[in-house]
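Me: Please take a close look at one part of this model, a single helix, and place it within the chain to which it belongs. A connected account would be preferred.

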Amino acid sequence: MEYSSLKTPLKKAKNLGSAKSGSHHWLMQRMTAVILLVLTIWFMSLILIIYTQSLEASAIILHPLNILALGIYINTALYHGMLGMQVIIEDYIHCKKANLISLILLKLVTILTIMFFSGAIISCYSKF
Amino acid sequence: MSIKQKIELYKKRPVSPHLTIYKPQTSSTFSIFHRFTGTALYFSFLVIAWWLVALISTNFEESILNLSSCLIMRIAFVGLFFSLNYHCLNGIRHLFWDLGYLFEIKQIDYSAYVVISVAIILTGVISTAFFTIMKEYVWNIAL
């Protein structure tokens, strides 16, 4: 038989929509990973700077660019972690209901944390 | 059939042993540890983000900074630093695999050795630096 649609009849009966693309997820994981590598090295070197010099001498790290870097670091890490946890939930939870609810909760918690944290970082700038 | 009946049936079906008999290898062990450290890091970063929100919104009160004076928190911090280092270094290996390099068995073994040794060394360095900073600048304030 010929089907004019890309969805098989079973997919149409389940009526859950198309699967869209998985390559965006893969690409965002790699891109956020590269950014996180750079920023992790940055923050570890900040810890080592405070360690090798006294706290007063290292108050130089209290700079708006470092605060912005902290904001970008935590937000990108949470996004990267959300992508990874999505894969874990899809791999290990088989019951469809629990799968869907866990995914929704995961994305909700992550997005709320990102929003609140960004608000806190932005409020830091008023203290300068 | 309800879900409870399905679960009962699943428990009764015969399954041949898989994880209990398969020999753990470099590739599989490092991959599952990459996943473990990734989940641990996700929850740790959630806690860190909310802790930073608390720190900033109470206007940098110093009692919030006093984190690592008890043993459990120190163990947790060492675990966090090890997870971060291991996940980052193994992530570099993953990026090499995406570019098409380091696929031979010898290359996998050598890069795994480099990853675990650098992770342990870096964890030692960062943990001593972090705990010295905490001891010199924060514990005195709280006490």
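Reply: The radius of gyration is taken here over C-alpha atoms, and the rule for a globule is 2.2 Å times the number of residues to the power 0.38. For a compact globule of 143 residues that rule gives a value near 15 Å, whereas chain B has 21 Å. The model is a predicted one.

The part chosen is helix H2 of chain B, which covers residues 26-57. The expected span is 1.5 Å times one less than the number of residues. The 32 residues of H2(B) should therefore span 46 Å, and the 45 Å between the end C-alpha atoms agrees with this. Just after H2(B), Asn59(B) adopts a positive phi of about 65°.

The setting of this helix is as follows. Chain B contains four helices and zero strands, and from the N terminus its elements follow the order α-α-α-α. Along the principal axes, the C-alpha atoms of chain B fill a box of roughly 60 × 50 × 30 Å.

Within chain B, 74% of the contacts between residues at least 6 apart in sequence join residues at least 24 apart. Of the 143 residues in chain B, 33% are buried, that is, under 20% relative accessible area. The chain exposes about 9,600 Å², of which carbon and sulfur atoms supply 70%. As for charge, chain B has 11 positive and 7 negative charges, and the mean positions of these two sets are 17 Å apart.

Note on methods:
Residues are numbered from 1 along each chain as its sequence is written. Chains are lettered from A and ligands numbered from 1 in the order in which they are written. This is a predicted model: local features need pLDDT of at least 70, side-chain atom pairs count only at pLDDT 80 or more; totals for chains, interfaces and linings use all residues. Side-chain values use heavy atoms; hydrogens and water are left out. Helices (H or I, at least four residues) and strands (E, at least two) are DSSP runs, numbered from the N terminus. Buried means under 20% relative accessible area, exposed over 50%, partly exposed in between (1.4 Å probe, protein chains only). Contact means heavy atoms within 4.5 Å. Accessible areas come from the Shrake-Rupley method with a 1.4 Å probe; for residues, only the protein chains shown count as cover. Lys and Arg count as positive and Asp and Glu as negative; His and the chain ends are not counted. The place of a charge is taken as NZ of Lys, CZ of Arg, CG of Asp or CD of Glu.
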